[in-house]
Each structure stands twice: as C-alpha cells, then as structure tokens.
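Biologist: I am new to reading protein models, and I would love a close look at one small part of this one. Could you walk me through it slowly?

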Amino acid sequence: MDERKIRKYMLVDGIVQGVGFRWYVRHQAECCHLTGWVKNRYDGKVEMEVQGYPVDIDRFTGLMLRGNGYARVMSYEEEKREPMPELDFRVKGY
C-alpha cells in the first residue's frame with residue numbers, strides 16, 4: 001500500500017438523506033480516485049470513510065460539501081483513520 005495515502009472518517013449533517021446524496025458521494029469519490037464507503041445513519045446523518053492521496057481527498061471534500069443540488073450540508077466533522085487495503089468505494093445500507 002502507498003504510504004502517502006491517508007484515510008478520513010466524515011460525518012455529515014443537513015438535508016442528506018432521501019436526495020441521492022450517497023450516490024453523489026460515490027460518484028465524486030470514484031472521480032477523485034478514492035476508496036472507502038458511505039452510509040446513512042438512523043439519526044438522519046450520513047457517515048463515510050474515504051482513502052487516497054491528500055490532494056484528492058481535499059478535492060472530494062469540496063465537491064461533497066457543495067452537494068448534488070438537492071442535498072444541503074449544514075455541518076460536517078472529520079477525523080483521521082488508519083489506511084487499510086481496499087479496492088473500491090461502496091454505498092452501504094444503514
């Protein structure tokens with residue numbers, strides 16, 4: 001695994017469920033060459049982990065915060081995680 005890659009956990013709040021946000025996140029993650037996952041939480045928030053080069057994660061974060069035109073991100077938190085071997089970006093259920 002490339003040691004320059006990092007992994008971040010992100011928790012997003014706002015109008016982010018029922019508006020295609022997870023699928024938008026997956027598309028943007030793939031466009032930014034990131035791996036990881038995204039899923040809805042029962043409290044109405046969306047959580048995700050993304051992994052890749054810092055410049056790609058920064059680009060993804062800007063796109064994710066902008067949303068897909070239907071979603072509206074009101075707040076988000078992030079924390080660093082340990083990178084792990086994985087091959088793709090997945091949309092998970094609850």
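Why is there no bond between the sulfur of Cys32 and the closest cysteine sulfur, in Cys31?

Modeller: Happy to help! Please keep in mind that this is a predicted model. Let's begin with your question and then look at the surroundings.

A disulfide is a covalent bond between the sulfur atoms of two cysteines. To count as one here, the two sulfur atoms must lie within 2.5 Å of each other. The sulfur of Cys32 has its closest cysteine sulfur in Cys31, but the separation is 6.7 Å, so the two are too far apart for a bond. Searching the whole structure gives zero disulfides. Cys31 fits that result, being part of no disulfide, with the sulfur of Cys32 as the nearest one at 6.7 Å.

Now compare the surroundings of these two cysteines. Cys31 is partly exposed, with a relative accessible area of 32%. Cys32, on the other hand, has 0% relative accessibility and counts as buried. What does Cys32 touch? Setting aside neighbours within four places in sequence, its contacts are Asp56, Arg59, Phe60 and Leu63. You can also follow the backbone: the C-alpha atoms of Cys32 and Tyr53 are 9.3 Å apart, with their positions 21 residues apart along the chain.

Arg59 deserves a moment of its own. This residue belongs to helix α2 and is partly exposed, at 44% relative accessible area. Beyond residues up to four places away in sequence, Arg59 touches both Cys31 and Cys32. Its C-alpha atom is separated by 9.4 Å from that of Ala29, although the two residues are 30 apart along the chain.

Another residue of helix α2 to find is Thr61. Thr61 is buried, with a relative accessible area of 10%. Leaving out neighbours within four places in sequence, Thr61 is in contact with Met10 and Tyr76.

Next, step back to helix α1, which covers residues 21-31. Which of its residues are buried? They are Phe21, Arg22, Tyr24, Val25, Gln28 and Ala29. Looking down the axis of α1, you would see these buried residues fall within an arc of 160°, so they line one face of the helix. What do they pack against? The list takes in the strands β1 (6-15), β2 (35-40), β3 (46-52), β4 (72-81) and β5 (89-92), together with helix α2 (54-66).

For a contrast with those buried positions, pick out His27, which is also found in helix α1. His27 is partly exposed, with a relative accessible area of 43%. From the C-alpha atom of His27 to that of Gly44 is 21 Å, and these residues are 17 apart along the chain.

Now follow the chain onward. Cys32 lies in the loop between α1 and β2, and His33 has its place in that loop too. What is notable about the backbone of His33? Its phi is near 60°, a positive value in a residue other than glycine. This positive phi comes just after α1. His33 counts as exposed, at 62% relative accessibility, whereas Cys32 is buried at 0%.

After the loop, look at Thr35, in strand β2. Is Thr35 buried or exposed? It counts as buried, at 13% relative accessibility. The side chain of Thr35 is joined to that of Glu86 by a polar contact of 2.9 Å. Apart from neighbours within four places in sequence, Thr35 is in contact with several residues, including Glu49, Val50 and Gln51. Its contacts also take in Leu87, Asp88 and Phe89.

Finally, here is a contact that involves a ring. The charged end of Lys92 sits over the ring of Trp37, at 4.3 Å from the ring centre. Pairs between two aromatic rings are another matter: the count of those comes to zero.

To return to where you started: Cys31 and Cys32 have sulfur atoms 6.7 Å apart, and Arg59 of the second helix touches both of these cysteines. If you find Arg59 in the viewer, you can go from helix α2 to Cys32 in the loop between α1 and β2.

Terms used: Residues are numbered from 1 along each chain as its sequence is written. This is a predicted model: local features need pLDDT of at least 70, side-chain atom pairs count only at pLDDT 80 or more; totals for chains, interfaces and linings use all residues. Side-chain values use heavy atoms; hydrogens and water are left out. Buried means under 20% relative accessible area, exposed over 50%, partly exposed in between (1.4 Å probe, protein chains only). Helices (H or I, at least four residues) and strands (E, at least two) are DSSP runs, numbered from the N terminus. The arc is that of the directions from the helix axis to the C-beta atoms. Contact means heavy atoms within 4.5 Å. Rings of Phe, Tyr and Trp (its six-membered ring) pair if their centres lie within 6.5 Å; planes under 30 degrees apart count as stacked, over 60 as edge-to-face and the rest as tilted. A charge sits over a ring if NZ of Lys or CZ of Arg is within 6 Å of the ring centre and within 35 degrees of the ring normal. A polar contact is a pair of N or O atoms within 3.5 Å; within protein, one must be able to donate a hydrogen and the other to accept it, and residues adjacent in sequence count only if both atoms are side-chain atoms.
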